[in-house]
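User: Please take a close look at one helix of this protein and at what surrounds it. I would like a connected account that I can follow with the model open.

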Amino acid sequence: MEADGSGFEITQQQGAWAVRMWWPVGSINGGPRRITIEAAEDAPAREVARGISTTVLRRLDVAAALNLAKQAPEAQRTLGEVTGRLNEMGEAAGLALEGEGVSGQYLTLLAATYTAMADIGSPAPVPWLSRLIGRRPETVKDHLKRARRDGFLTTVAGKAGGELTGKAKAVLEEMAEAG
């Protein structure tokens, strides 16, 4: 495994081919963002001349590469930093809820935290958010539905997450300017 400031690369040898899988820092969940397949340095010319076969592709062990990447000290440190930031964002959403109720600012903070959790591959963002804001998961789901209905968050069919809308981004900018 090789790591630098931008991500982690795992190399596997599959017959005559060197397969490199790359994950960016902070997103070591799920499949790689980039896969590069090239002839291995010691590959027989005859094997390379045939090209990459479907057998080579089927034999890719993405799960093993993912597990190896997750064990890297850099990955553990990054995951800890990302988790800490997400906890802070969720707690800020909880404070906004306590202070203002279900406001645009709260819905924006909730949506931003939720999308960030989904983007890192969190298997259960709603229960995590529920713990951070001190509300039941059903309540968090209702608030996320409202964030979508009120135009702060888009929908991704069948998956957790979505995208922050321009409206939500404007609220975040206002909050940043206000300090």
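Analyst: A residue counts as buried here when its relative accessible area is under 20%, and as exposed when that area is over 50%. The model is a predicted one. The part chosen is helix 6, which is mostly covered, with 7 of its 9 residues buried.

Some background on the whole chain comes before the detail. The protein has 8 helices and 4 strands. Starting at the N terminus, the elements follow the order β-β-β-β-α-α-α-α-α-α-α-α. Of the 179 residues in the protein, 37% are buried. About 10200 Å² of the protein is exposed, and carbon and sulfur atoms supply 50% of that area. Among contacts between residues at least 6 apart in sequence, 49% join residues at least 24 apart.

The buried residues of helix 6 are Pro-125, Val-126, Trp-128, Leu-129, Ser-130, Leu-132 and Ile-133. Several of these residues appear again below as partners of other parts of the chain.

Consider the N-terminal side. Ser-122 sits in the loop between helix 5 (104-119) and helix 6 (125-133). With a relative accessible area of 15%, Ser-122 falls under the 20% cut-off and is therefore buried. Apart from neighbours within four places in sequence, Ser-122 is in contact with Met-117 and Trp-128. Met-117 lies within the span of helix 5 and Trp-128 within that of helix 6.

At the other end, helix 6 is followed by Gly-134, which has a positive phi near 75°.

Next comes the packing against helix 7. The axes of helix 6 and helix 7 come within 8 Å and cross at roughly 105°. An angle of 65 to 115 degrees counts as roughly perpendicular, so that is how helix 6 and helix 7 stand to each other. On the helix 6 side the contact is made by Val-126, Leu-129, Ser-130 and Ile-133, and on the helix 7 side by Pro-137, Val-140, Lys-141 and Leu-144.

Helix 7 itself covers residues 137-149, 13 residues in total, and spans 18 Å from its first C-alpha to its last, close to the 18 Å expected at 1.5 Å a residue. Its buried residues include Val-140, His-143, Leu-144 and Ala-147. Viewed down the axis of helix 7, the buried residues fall within an arc of 100°, so they line one face of the helix. Val-140 and Leu-144 are among the buried residues of helix 7 and also among those that meet helix 6. The face of helix 7 turned away from the buried side carries the exposed residues Lys-145 and Arg-149. Just after helix 7, Gly-151 has a positive phi of about 85°.

Helix 6 also has a neighbour earlier in the chain. Gly-90 lies in helix 4 (residues 73-100) and is buried, with a relative accessible area of 0%. Leaving aside neighbours within four places in sequence, Gly-90 is in contact with Thr-113, Leu-132 and Ile-133. Leu-132 and Ile-133 are buried residues of helix 6. The C-alpha atoms of Gly-90 and Leu-109 are 7.4 Å apart, although 19 residues separate the two along the chain.

Leu-109 leads on to helix 5, where it is one of the residues that meet helix 8. The axes of helix 5 and helix 8 (residues 166-178) come within 9 Å and cross at roughly 105°, which makes these two helices roughly perpendicular. Gly-104, Gln-105, Thr-108, Leu-109 and Ala-112 of helix 5 meet Ala-168, Val-171, Leu-172 and Met-175 of helix 8.

Technical notes: Residues are numbered from 1 along each chain as its sequence is written. This is a predicted model: local features need pLDDT of at least 70, side-chain atom pairs count only at pLDDT 80 or more; totals for chains, interfaces and linings use all residues. Side-chain values use heavy atoms; hydrogens and water are left out. Buried means under 20% relative accessible area, exposed over 50%, partly exposed in between (1.4 Å probe, protein chains only). Contact means heavy atoms within 4.5 Å. Accessible areas come from the Shrake-Rupley method with a 1.4 Å probe; for residues, only the protein chains shown count as cover. The expected span of a helix is 1.5 Å times one less than its number of residues. The arc is that of the directions from the helix axis to the C-beta atoms. Axes are lines fitted to C-alpha atoms, for helices over the stretch in contact, and angles run from 0 to 180 degrees between N-to-C directions. Angles under 35 degrees count as roughly parallel, over 145 as roughly antiparallel, 65 to 115 as roughly perpendicular and the rest as oblique.
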